[in-house]
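Biologist: Pick one part of this model and take me through it closely. How is it put together, and what packs against it?

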Amino acid sequence: MRTVFTSLERAARRRPGVHRAHWVFVTALLSCVLAAPLPAEVLKVEIDGAIDPIQAEFIRKAIVEATDTQAEFLLIRISTPGGLGISMQEIVQEILNSPVPVVCWVGPKGSHAASAGFFILLSADVAAMAPGTNTGAAHPVFPFGMEDEVMLEKVRNDALANLRSIVENRKRNYDLARDGVLKSLSYTETEALEGGLIDLIAETEEELLSKLEGYEVTRFTGDKQMLSAKGQTVRVLEKNFRERVLSVIASPNIALLLGLIGVLGLYLEFTTPGAVVPGVIGGICLLLALIGFSLLPVNYVGVLLILLALGLFAAKVMVQGFGVLGFGGVVSLVLGLLLLIDSPYPALRIGLDVAIAVAIPFAAAFLLLMWVVVRNFSKRASTGREGLVGLTGRAKTKVDRRSGKVYVHSEWWNALSEQPVEPGQEVRVVRVDNMTLWVEPVGAEWEDPELAGRAGSP
């Protein structure tokens, strides 16, 4: 603004005929125009998929962005099967404390806001749904059929208290909301509107914005606020690169694949030092997997079962012929993968089909690598003094405990023997003492020792 004023002042000085009153009028008019508030906007974000820590962080960032830019309101489009309770609670807390109004819309057609999404929808200043959507089914559950009546009662009562606080302040129907938790009932958009769970039904975002024009909302603090949505620019807030990467690796199946690739890569590097590439790839994948699992509720029983499976695979290689070890390793690995993520929601845990599809190839690859390593370690040395033990040759002279000469490995050696060996007789090396071979007779005499010299003497 100061630059504009400076330019106008210079122009006025170059035109002395322009009256000073004109300059004052132009300056005042320009000040009013530039000082006028810019039209507000509607900030939009999407919850598409399971509720996890990345979604909670993204919603928190969106509310901060909407507050800083003085957005008219924040629009959250929801399509989720549910997710982690702690992440859901973080999102609800951010919505209830948001300085700007929050509008949650379940859409488009075919979407749903189940379980954790039900709580998020009810916590909004304005709750809306599109035709052909549903919400509810929010009964707290434990993973893999675990039944603990005391713990379940505590979790249920806590969820009901949280829900009661939300719906009473939002003036929604607590009875229907309670049935959605206790009885796992799910409601269509019409049932939710008629039952007083939501405020609006809108087929599209354009229809939703039209219905929100002049709509009065009561904030959680009790203050009234009129929304102005007509002609507002809707700006979509996208996840940044970091959030997109974390969203991908926070998927249990992706984190699992990265972890297995990391383990195999590091195993190859340790067994074949200097390969470099397997070690680099394995290290990166393993670190990414650890980051992904740190964002998920990991069950340590599953971790122990996976470690047990690796131990059984190693024992299978060492103890030949015991197929029960390999079978037990596969079963332990599958169970460990199923129990690894402590979540009742399929979107946040490893499925049975994925566990089997991953466990069998991984077991085969691990067994193969272990067999190669064990075979290399158990193979007799082919170089150095250890490589001479077991080789056969011919005696050049008589060999006894005092002296002798033998031809072994295309070389002439000083040799000693516990048993007398005649010239030309076949011998086998039993041990190496410094530069002297200890041999034993194993075959018939050698008729022409000079033939060996022609065949490979030094």
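Modeller: What follows starts with the whole chain and then moves to one sheet and its helices. The model is predicted: local features need pLDDT of at least 70, side-chain atom pairs count only at pLDDT 80 or more, and totals for chains, interfaces and linings use all residues. Numbering starts from 1 along each chain as its sequence is written, and side-chain values use heavy atoms, with hydrogens and water left out.

The frame comes before the detail. The protein has 17 helices and 16 strands; these are DSSP runs numbered from the N terminus, helices being H or I with at least four residues and strands E with at least two. Of the 458 residues, 41% are buried. Buried means under 20% relative accessible area, exposed over 50%, and partly exposed in between (1.4 Å probe, protein chains only). The accessible surface is about 24,500 Å², and carbon and sulfur atoms hold 60% of that (Shrake-Rupley method, 1.4 Å probe; for residues, only the protein chains shown count as cover). Among contacts with a separation of 6 or more, 62% link residues 24 or more positions apart; a contact means heavy atoms within 4.5 Å.

Now the sheet. Six strands form an open sheet in the order β8-β5-β3-β2-β1-β11, with parallel pairing. Two strands pair if DSSP finds at least two bridges between them. The edges are β8 (200-201) and β11 (233-236), each pairing on one side only. Strand β1 (residues 41-48) runs parallel to β2 (residues 73-79), joined by seven bridges. One register point is D48, whose bridge partner in β2 is S79.

Take β3 next. W105 sits in this strand, which spans residues 102-106. The W105 residue is buried, since its relative accessibility is 3%. Its contacts, leaving out residues up to four places away in sequence, include L75, I76, R77 and I78, then A128, M129 and A130, and also T204, E205 and L208. W105 and E46 lie 59 residues apart in sequence, yet their C-alpha atoms are 9.6 Å apart. Past β3, the backbone does something worth checking. The G107 to P108 peptide bond is cis, with omega near 0°. P108 belongs to the loop between β3 and β4 (112-114). Most peptide bonds are trans, and most residues other than glycine have a negative phi.

The second rule has an exception in the loop between α3 and β2, where Q70 lies. Q70 is not a glycine, but its phi is positive, about 55°. Q70 is exposed, because its relative accessible area is 65%.

Helix α3 lies across β1, β2 and β11, and runs at about 180° to β1. Axes are lines fitted to C-alpha atoms, for helices over the stretch in contact, and angles run from 0 to 180 degrees between N-to-C directions. Q55 lies in α3 (residues 53-68). With a relative accessible area of 4%, Q55 is buried. Beyond residues up to four places away in sequence, Q55 touches E46, I47, D48, A50, I91 and K239.

I91 leads to the next helix. The axes of α3 and α4 come within 8 Å and cross at roughly 10°. The two are therefore roughly parallel; that label covers angles under 35 degrees, with over 145 roughly antiparallel, 65 to 115 roughly perpendicular and the rest oblique. From α3 the contact uses P53, Q55, A56, I59, R60 and I63, and from α4 it uses S87, E90, I91, E94 and I95. By class, that is six nonpolar, two polar and three charged residues. Nonpolar here means Ala, Val, Leu, Ile, Met, Phe, Trp, Tyr, Cys and Pro; Asp, Glu, Lys and Arg count as charged, and the others, Gly among them, as polar.

Helix α4 (residues 85-96) also packs on α5 (residues 116-123), their axes coming within 9 Å and crossing at roughly 5°. So α4 and α5 are roughly parallel too. M88, I91, V92, I95 and L96 of α4 meet A116, F119, I120 and S123 of α5. This contact has eight nonpolar, one polar and no charged residues.
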